[in-house]
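Subject: Structure handover

Hello,

The structure you asked about is below. My notes on what was found in it follow.

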Amino acid sequence: GMDPWAMMSMMMGKGKGKGKGKWSDNQAKMAPPSKKVFVGGLPELGSEGLSTELNKKLKEHFNQAGTCTYAEIGRKGTGTAVFKTDEEALTATTMLNGSVFDGNHVLVVSAWGKKPEA
């Protein structure tokens with residue numbers, strides 16, 4: 001087998017320094033559109049500010065609507081939340097649209113693929 005240190009360094013090297021953020025959003029990409037929601041109104045983080053802490057916070061926020069399996073905030077203040085079922089995703093759009101995240105960000109939550117007009 002592989003020695004644990006090699007495994008560790010591989011794990012560590014995964015997400016950092018790619019600049020594209022590919023590692024984080026494949027889960028969101030793989031999810032069927034019916035189970036995802038589009039999230040707008042998030043803090044604009046730029047590529048430097050992307051944070052797993054905030055992603056975790058967002059996931060907890062969306063857990064109010066059902067079982068949120070994955071949530072992420074992108075660089076431009078938009079994000080994705082993925083749910084276990086289509087129903088939960090639908091609930092999130094009605095329940096959490098207009099909700100306040102992290103103190104002062106009013107979220108726009110809409111069905112995937114139906115991006116709101118800016």
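Buried here means under 20% relative accessible area, exposed means over 50%, and partly exposed lies in between, with a 1.4 Å probe and protein chains only as cover. At 11% relative accessibility, H61 therefore counts as buried.

Two remarks on the source. This is a predicted model, where local features need pLDDT of at least 70 and side-chain atom pairs count only at pLDDT 80 or more, while totals for chains, interfaces and linings use all residues. Residues are numbered from 1 along each chain as its sequence is written, and side-chain values use heavy atoms, with hydrogens and water left out.

Overall picture

The protein has four helices and six strands (DSSP runs, H or I of at least four residues for helices and E of at least two for strands, numbered from the N terminus). Their order from the N terminus is α-α-β-α-β-β-α-β-β-β. Of its 118 residues, 36% are buried. Among contacts (heavy atoms within 4.5 Å) with a separation of 6 or more, 62% are between residues 24 or more positions apart. The exposed area is about 7600 Å², of which carbon and sulfur atoms supply 58% (Shrake-Rupley method, 1.4 Å probe).

Helix α3

Helix α3 covers residues 52–62, and L54, N55, L58, H61 and F62 are buried in it. Viewed down the axis of α3, these buried residues fall within an arc of 115 degrees, so they line one face of the helix (the arc is taken over directions from the helix axis to the C-beta atoms). T52, E53 and E60 are exposed on the other side. The cover over the buried residues of α3 includes β1 (36–40), β3 (79–83) and α4 (86–95).

At the N-terminal end of α3, S51 acts as a cap, with a side-chain oxygen 3.3 Å from the backbone nitrogen of E53.

H61 shares a side-chain polar contact of 2.8 Å with S99 (N or O atoms within 3.5 Å, one able to donate a hydrogen and the other to accept it within protein; residues adjacent in sequence count only if both atoms are side-chain atoms). Apart from neighbours within four places in sequence, H61 is in contact with L96, S99, V100, F101 and L107.

Residue E72

E72 sits in strand β2, residues 68–73. What is the nearest side chain of opposite charge to E72? It is K29, 7.0 Å away, and E72 is buried with no salt bridge (a side-chain nitrogen of Lys or Arg within 4 Å of a carboxyl oxygen of Asp or Glu). The E72 side chain does make a polar contact of 3.3 Å with the side chain of Y70.

Regards

Key: Lys, Arg positive; Asp, Glu negative; His and termini not counted.
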